Amino acid sequence: MATRTDYYLFQTAAGFAALGWNDAGIAALRLPAATAFAADQALIRRFPEAQPSEPPPHIRAVVDAVVRYFAGDRVEFGEVPVDMGQQTPFFQQVYALVRTLGWGETTTYGAVAKALGAGPEFARDVGQAMAANPVPLIVPCHRVTGAGGKIGGFSAPGGSISKARMLELEGVAIDAAPAPRRKAAGSDEAQAGFDF
């Protein structure tokens, strides 16, 4: 029997977000989009059977933490239970390691690969894990950057510009200009950065 996924739409200082959960934990977080419709549709694409619901208190606490984060408060998500779905063992290791990164702490794709005992050729695999991360912010993929001060990619609305804004919220100085974001196939959503 499939696990039921519930979700909740809410507004942050950066736009509309959506949080999906099941009995195991947070299963999806749609980072802020320009409209509630865009946030809703992004979550439904991942979980077509998800039902809109009022969050129970432990999920409401996560919603409130996300709202506070985008308002500029120092918030940590390391203790939030997550359900990452089926992942390869390497991706599981990547997510576990990235969850240890604290507020304002960054690393590179290559450094994550090295910390996991993999060669530099696995930096691309780390990047793929970050792009596939179903719960960004809670698994803080925005804290993983490219080598040489490059911001690297980001699959949230606004792409690298939004990643840079999240890092700036955490006091991380960004020297490199963010890479331009390509519009996703089939997307009708403008890819402006977070509006805060």
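Reader: Which residue in E2 stands opposite tyrosine 8?
Author: The model is a predicted one, in which local features need pLDDT of at least 70, side-chain atom pairs count only at pLDDT 80 or more, and totals for chains, interfaces and linings use all residues. Residues are numbered from 1 along each chain as its sequence is written, and side-chain values use heavy atoms, with hydrogens and water left out. Strands (E, at least two residues) and helices (H or I, at least four) are DSSP runs numbered from the N terminus. In E2, the residue opposite tyrosine 8 is leucine 19.

Reader: How many bridges join E1 to E2?
Author: Two strands count as paired if DSSP finds at least two bridges between them. Between E1 and E2 lies a hairpin with two residues, and one bridge there links threonine 12 to glycine 15. The strands, residues 6-12 and 15-22, run antiparallel, and the number of bridges joining them is seven.

Reader: Alanine 18 of which strand pair faces which residue in E3?
Author: E2 is connected to E3 by a hairpin through two residues. The two strands pair over six bridges in the antiparallel sense. Opposite alanine 18, in E3, is arginine 30.

Reader: Which strands stand at the edges of the sheet?
Author: Strands of a sheet pair through backbone hydrogen bonds, in parallel or antiparallel fashion. Here four strands make an open sheet with mixed pairing, in the order E3-E2-E1-E4. One side of each edge strand has no neighbour in the sheet, because each has a single partner strand; these are E3 (25-33) and E4 (51-52).

Reader: What angle does the direction of helix H2 make with that of E1?
Author: Axes are lines fitted to C-alpha atoms, for helices over the stretch in contact, and angles run from 0 to 180 degrees between N-to-C directions. Contact means heavy atoms within 4.5 Å. H2 (residues 57-70) packs on the sheet, where it touches E1, E2 and E3, and its direction relative to that of E1 is about 25 degrees.

Reader: How far apart are the end C-alpha atoms of H2?
Author: The expected span of a helix is 1.5 Å times one less than its number of residues. For the 14 residues of H2 this should be 20 Å, and the model agrees, because the end C-alpha atoms are apart by 20 Å.

Reader: Within what arc do the buried residues of H2 fall?
Author: A residue is buried under 20% relative accessible area, exposed over 50% and partly exposed in between (1.4 Å probe, protein chains only). The buried residues of H2 are Ile59, Val62, Val63, Ala65, Val66, Tyr69 and Phe70. They line one face of the helix, because the arc, taken over directions from the helix axis to the C-beta atoms, is 160 degrees.

Reader: Which helix is included in what covers the buried residues of H2?
Author: The sheet strands E1, E2 and E3 are part of that cover. Two of these strands are themselves mostly covered: seven of eight residues are buried in E2, and nine of nine in E3. The cover of H2 also includes residues 159-169, helix H6.

Reader: What is the phi of leucine 137?
Author: Leucine 137 sits in the loop between helix H5 (123-131) and strand E6 (144-145). Its relative accessibility is 2%, so leucine 137 counts as buried. Although leucine 137 is not a glycine, its phi is positive, at about 80 degrees.

Reader: Which residues does proline 140 contact, leaving aside its neighbours within four places in sequence?
Author: Proline 140 also belongs to the loop between H5 and E6, and counts as buried because its relative accessibility is 2%. Its C-alpha is 9.9 Å from that of glutamate 105, which is 35 residues away in sequence. With neighbours within four places set aside, the contacts of proline 140 are Val98, Arg99 and Leu101.

Reader: What percentage of the residues of the chain count as buried?
Author: The chain has six helices and six strands, arranged from the N terminus as β-β-β-α-β-α-α-β-α-α-β-α. Of its 196 residues, the buried portion is 46%.
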